[in-house]
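Reader: I've got the model open and want to know what stands behind the labels. Can we go through them one by one?

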Amino acid sequence: ALKFVFMNQFFWPDSAPTGKLLADLAEELQTQGHSVQVLTGAGSYEGVPPYPEPEVEIVRLPTVTFSRSPLLRILSWLSFLLMAAWKGCFMEKQEVVVCMTTPPGLSYAGLLIHWLRGSQFWIWEMDLYPDVAEGAGMLAPGSVMHRILRGVMNFPRHHATGIIVLGDCMKARLVSQG
């Protein structure tokens, strides 16, 4: 049996889709005899989900509450990223660390744990950054900022044990980026 830690800013009782997918996988791994811990925030993304609390260890990190306000959203993301890295580096060693993509850059926390603790480090890609910002028209394709952010976001991907993607299109996009 393996010891897993998953990192995602949103998890039960939030009804964010990434939290639901994570709950399903975490419970399945627990059923198979693995130890599963989820590091998540305390803030709320959406209302209470229509599914019961997953029977896994949930560690709620003290963070700035998530908000739709741009400034508070960034502060919420940064506080979760820092707290997840801190907790991950000082908790009991996990064999497998899986970082999701909320908040953007969370993979740096997993990479730090990988380097310091020797855990396997996986990224479960739900959103590709900075491609999401480009698609939303917030970042010009091929701009200097786009190229810098792509390099920043690709760095942990190049050092991960593996990357889990949603499908062939996402895989092709990541492979095309090296």
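Author: Sure. Bear in mind that this is a predicted model. Let's start with R150, which is partly exposed at a relative accessible area of 24%.

Reader: What makes R150 partly exposed?

Author: Partly exposed is the band between under 20% (buried) and over 50% (exposed). R150 has 24%, so it belongs in that band.

Reader: And why is D131 called buried?

Author: Its relative accessibility is 9%. Buried means under 20%, so D131 qualifies.

Reader: How do you know that R150 and D131 form a salt bridge?

Author: The closest N and O atoms of the two are 3.0 Å apart. The cut-off is 4 Å between a side-chain nitrogen of Lys or Arg and a carboxyl oxygen of Asp or Glu, so the pair counts. R150 sits in helix α5 and D131 in helix α4, 19 residues apart, so this pair links distant parts of the chain. D131 and R150 are also linked with R173 in a network of salt bridges.

Reader: What makes R157 and E125 a salt bridge?

Author: Their side chains meet at 2.7 Å, N to O, and the limit is 4 Å, so the label holds. R157 is buried at a relative accessible area of 10%, and E125 is buried at 1%. The two are 32 residues apart, with R157 in helix α5 and E125 in the loop between β5 and α4.

Reader: Which positions do D24 and K20 take in helix α1?

Author: They are 4 residues apart there, so about one helical turn separates them. Their side chains meet in a salt bridge, also given as 2.7 Å, N to O. D24 is partly exposed at 39%, and K20 is partly exposed at 30%. In total the structure holds 5 salt bridges.

Reader: Now the nonpolar side. Why can M145 be part of a surface patch?

Author: Patch residues need over 30% relative accessible area, and M145 has 46%, so it passes that cut-off. M145 lies in helix α5, which gives the nonpolar patch its largest share, 6 residues. Other members include Y108, W115 and F155, and the whole patch has about 900 Å² of accessible area together.

Reader: And what is in the largest nonpolar core?

Author: That core has 19 residues, and M7, L39 and L106 have the most contacts inside it. Helix α2 gives the most, with 4 residues. Apart from it lies another core, of 17 residues, including W12 and L29.

How values were computed: Residues numbered from 1 in each chain as written. Predicted model: local features only at pLDDT ≥ 70, side-chain atom pairs only at ≥ 80, totals over all residues. Heavy atoms only, no water. Patch = residues over 30% accessible without salt bridge, like charges linked within 9 Å, V, L, I, M, F, W, Y side chains within 5 Å. Areas by Shrake-Rupley, 256 points an atom, 1.4 Å probe, with all protein chains shown as cover. Buried < 20%, exposed > 50% of the residue type's maximum accessible area, 1.4 Å probe, protein only. Core = buried A, V, L, I, M, F, W, Y, C linked by side-chain atoms within 4.5 Å.
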